[in-house]
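Work through the exercises below with the sequence and the structure side by side, and try each task before reading its solution.

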Amino acid sequence: MADESKTTGTIDYDSIVIKKPSLWVRAYKYRYFYIMSLPVLAVLFVFHYWPMLGIRYAFSEYGLRQIATGQGPDYSVGLANFERLFSDSFFLQSLKNTLILSLVNLALSMVCSVVIALMINEIQHAWGKKFVQTVLYLPHFLSWVVVASIFTLLLSAGADSTGADSTTVGFINAILLKVGIIDEPVAFLSSTETWRGVWYIANRWKETGWGTIIYLAALSGISPDLYEAAEIDGAGRLKQTWYITLPSLTNTILVVFILNLAKVMNVFESVFVFYNDLVYAVSDVIQCYTYRVGLASAAPDYGYSTAIGLFKSVVSLILVTASDIVSKKIRGQGIV
Amino acid sequence: MKKNFARKAAALSLSIVMVSGIAACGGGSSDSTTTTDSADLANPEKPEEITVMMDTIITAENGQQDVADKYEENTGIKLSIEQPDHNNYYEKVTLSFASGTPANVIEVGSTYYPEFANTGVLWDMTDAWDQTTENCKNIIDEDYVDALRIDGRLYGFPMAKGNGTITYVRQDWLDEAGLALPTNYDEFINMLRTFKQRGEGTIPYTAAGFMNNNETPYEIYLREFYQDASPDFVYDEASGQYIDGFAQENFKEALQRMRDAYQEGLIDAEIVTNKTSTCRDKLYSGLVGVMNYWAGSWAQKLEDSVQNADPNAKLTAMPAIEECNYIERVPTAMVITAAADNPAGIFKYFIMYSHDGGEGQMLFTHGVEGKHYEVKEDGTTVALGYYSNPETLVEKSFYAPELSITEWDDPIQLDERIYSSLETFEADRVFASLPLTSDVISENLANLNTVKGEVLANVVHGNMSVDEGLEDYQTRASGYVDAILADLNGGE
């Protein structure tokens with residue numbers, strides 16, 4: 001057979017074996033790419049993987065005394081930090097608040113950012129679009145301290161606890177009083193009934209504009225042919241949005257959702273600048289709790305703080321993995 | 001804590017006995033203890049460089065390096081100053097300890113000082129102070145040094161007097177109403193009621209929160225309402241035991257006073273959301289009649305700022321009413337860290353030098369001649385303006401001159417209001433003691449203070465009655481309180 005093919009000049013492709021270059025040859029060939037990736041890998045290792053060794057402190061007693069005496073972490077305590085964690089009612093309350101505040105805020109952020117992005121996308125005039133985008137992005141660059149000051153002024157219930165003197169109330173209370181919606185000023189920031197609502201609004205005011213950027217980028221990638229075809233088929237604006245725009249955005253929405261889900265346990269600064277003694281029950285989050293018992297203490301307990309951090313990471317990992325699995329089940333694809 | 005110190009003292013004594021024994025036996029082994037011998041303490045080696053971490057030293061943009069350079073010129077020692085952001089100062093301090101490479105000298109407030117001392121990260125300067133022959137020893141008010149002793153040992157040296165808050169009253173409002181300064185609580189409340197009647201927009205009394213949560217003493221503000229009550233653990237002379245101040249009858253009365261005044265509209269309705277800066281702004285706007293704030297240089301600053309809005313405004317630092325005293329905090333300390341190589345040298349050439357009543361004191365109080373102050377042709381010495389704000393005169397380079405703990409001839413005369421507010425304050429003040437510390441307190445205090453803050457705010461705001469509030473407190477706080485009291489009283 002082989003002889004025949006030689007004589008007839010035909011090629012037996014099945015018999016051809018392409019020899020794959022060895023690993024070293026390939027590595028040498030792409031050496032510049034590997035060299036370029038080294039700094040990134042180094043940063044990843046030094047700032048993300050190396051610190052993970054600190055997880056072991058969660059299973060130890062480790063504070064200034066251990067440092068001062070040079071004896072190092074005392075691992076004999078085992079799971080004591082976790083036992084303390086789960087028996088502390090303040091921790092459990094802060095865990096509940098963290099999940100409620102973060103998940104509701106996440107849902108609101110998805111809805112608001114997508115809706116605003118769609119609205120911006122409809123603006124025809126280039127300068128008008130840029131102006132609206134600029135105005136919406138600006139609050140993102142304000143610090144939370146400034147945002148809290150602005151909202152505190154706007155929402156002030158005035159300095160008179162009897163409510164008789166309304167001259168010092170903030171803008172919002174003044175409007176509500178004037179219109180007759182309320183009879184006396186509402187202390188929005190010191191009431192457990194209103195605090196979360198204010199916090200959600202403040203978050204959306206600050207971050208919604210910034211959140212639209214990724215959706216606007218995705219919207220610009222949708223083929224105009226689809227809209228043209230839909231228009232020929234008689235679809236109006238609303239139907240085009242429902243049947244073309246939103247399905248096209250689904251992947252982006254999913255990726256943003258899952259990535260943000262990984263950060264739900266990290267809420268801190270926005271709560272820290274807004275909360276007070278009257279609203280701990282609805283506002284205290286894990287990061288604030290950690291700050292109070294850990295860093296703000298004269299005797300920092302690094303073992304306990306690490307245990308809280310480890311617990312947070314585990315919860316985040318579970319949330320991300322679960323949402324990715326759900327995504328794969330429903331849509332056939334996830335991001336992990 | 002006492003138990004821990006007793007153990008430490010026993011261990012130290014044992015070590016000394018053992019080391020002496022080895023020495024007496026003629027052992028040639030080197031001394032491994034960190035105790036510096038008497039000869040070293042009396043005449044230590046001069047350090048080449050001293051690193052310091054400070055919170056209240058003059059800022060970099062206002063000539064901090066000038067102070068360091070002048071110090072080096074005077075002493076031949078390089079001074080490296082680290083000044084973290086004020087809001088994160090103690091986070092940085094504790095992290096620097098955790099890193100194992102803290103600065104040689106650190107400024108530490110009284111809330112943190114005993115805890116740091118307790119954990120062993122500070123150098124014991126007792127012997128160095130006892131044996132020093134520096135001029136500081138002759139001119140200092142030793143009460144302030146003794147205020148920092150823990151079981152007789154000294155782990156930090158006072159920077160200045162602890163100072164405290166005093167009640168400032170709009171004197172012009174009082175004059176208009178034909179009232180004299182109140183001398184008791186009834187007159188005080190009557191004054192607030194009179195201020196309230198001035199019309200809409202008036203805030204009779206403002207404060208930032210009900211409990212000074214981050215720093216002890218917790219009851220340093222709102223003095224007229226707290227009176228003799230304290231939300232902290234207090235030592236009961238009669239029983240010889242520590243008791244929970246929050247659960248006592250006098251605290252219940254204090255709660256009722258605050259609640260009544262708040263419900264009547266005499267206390268700022270925004271007290272819970274106020275920051276101290278918010279309170280000052282309200283005062284500066286001419287809205288506030290009474291505010292409890294720091295004595296000393298603030299007496300001048302507050303009145304000058306109020307007068308920007310109302311040139312006729314006048315603030316008076318009020319003597320304490322008969323039911324209460326003002327509270328002087330334990331002084332802020334300069335500590336030498338246990339990790340420092342030459343602590344005795346640092347003690348002599350930095351701490352003693354800065355309290356020498358002469359060149360060093362001038363440098364660390366008023367700064368550098370020609371930069372922060374100048375001597376005029378007529379021989380008088382006057383402060384210059386800050387680099388960053390030439391309109392405002394330099395108050396201090398590090399130590400507040402009006403709070404000096406040494407007897408020295410300060411050439412710069414301050415505003416009279418500063419001295420008079422301090423005089424009024426000191427006439428009616430009691431000294432706070434160092435906060436209690438132990439591992440059990442550290443573990444429970446944050447949560448306990450959260451409960452206290454919640455109960456206080458809810459009672460005063462009228463969300464619950466005083467009795468309901470105290471019942472809620474007993475329910476939620478008893479675990480923390482019992483643990484702390486058992487620890488405190490178990491060591492007696």
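Strands, as the word is used here, are DSSP runs of at least two residues in state E, numbered from the N terminus. The model in view is predicted.

**Exercise 1.** Find the strand of chain B in which Glu49(B) lies, decide how exposed this residue is, and name the surface patch to which it belongs.

Solution. Begin with the strand: Glu49(B) lies in β1 of chain B, which covers residues 49-53. Next, take the relative accessible area of Glu49(B), which is 38%; because partly exposed stands for values between the 20% limit for buried and the 50% limit for exposed, Glu49(B) counts as partly exposed. Finally, look for its partners: Glu49(B) joins Asp40(B), Glu45(B), Glu48(B), Asp69(B) and Glu72(B) in forming a negative surface patch.

**Exercise 2.** Locate Asn163(B) and Leu222(B), state the sign of phi for each, and decide whether they are buried or exposed.

Solution. Start from the background that most residues other than glycine have a negative phi. Asn163(B), though not a glycine, has a positive phi of about 60°, and its place is the loop between β6 (156-158) and β7 (165-170) of chain B. Leu222(B), also not a glycine, has a positive phi of about 50° and sits in the loop between β8 (203-206) and α11 (223-226) of chain B. Since buried means under 20% relative accessible area, Asn163(B) is buried at 7%, and Leu222(B) is buried at 0%.

**Exercise 3.** Give the domain bounds of chain A and the separation of the domain centres.

Solution. The assignment gives domain 1 as 2-47 and domain 2 as 87-145 + 188-331. Taken over C-alpha atoms, the centres of domain 1 and domain 2 of chain A are separated by 44 Å.

Key: Residues numbered from 1 in each chain as written. Chains lettered and ligands numbered in written order. Predicted model: local features only at pLDDT ≥ 70, side-chain atom pairs only at ≥ 80, totals over all residues. Heavy atoms only, no water. Patch = residues over 30% accessible without salt bridge, like charges linked within 9 Å, V, L, I, M, F, W, Y side chains within 5 Å. Areas by Shrake-Rupley, 256 points an atom, 1.4 Å probe, with all protein chains shown as cover. Salt bridge = Lys/Arg side-chain N within 4 Å of Asp/Glu carboxyl O. Lys, Arg positive; Asp, Glu negative; His and termini not counted. Charge placed at Lys NZ, Arg CZ, Asp CG, Glu CD. Helix = DSSP H or I, 4+ residues; strand = E, 2+ residues; numbered from the N terminus. Buried < 20%, exposed > 50% of the residue type's maximum accessible area, 1.4 Å probe, protein only. Domains from an automatic or database assignment.
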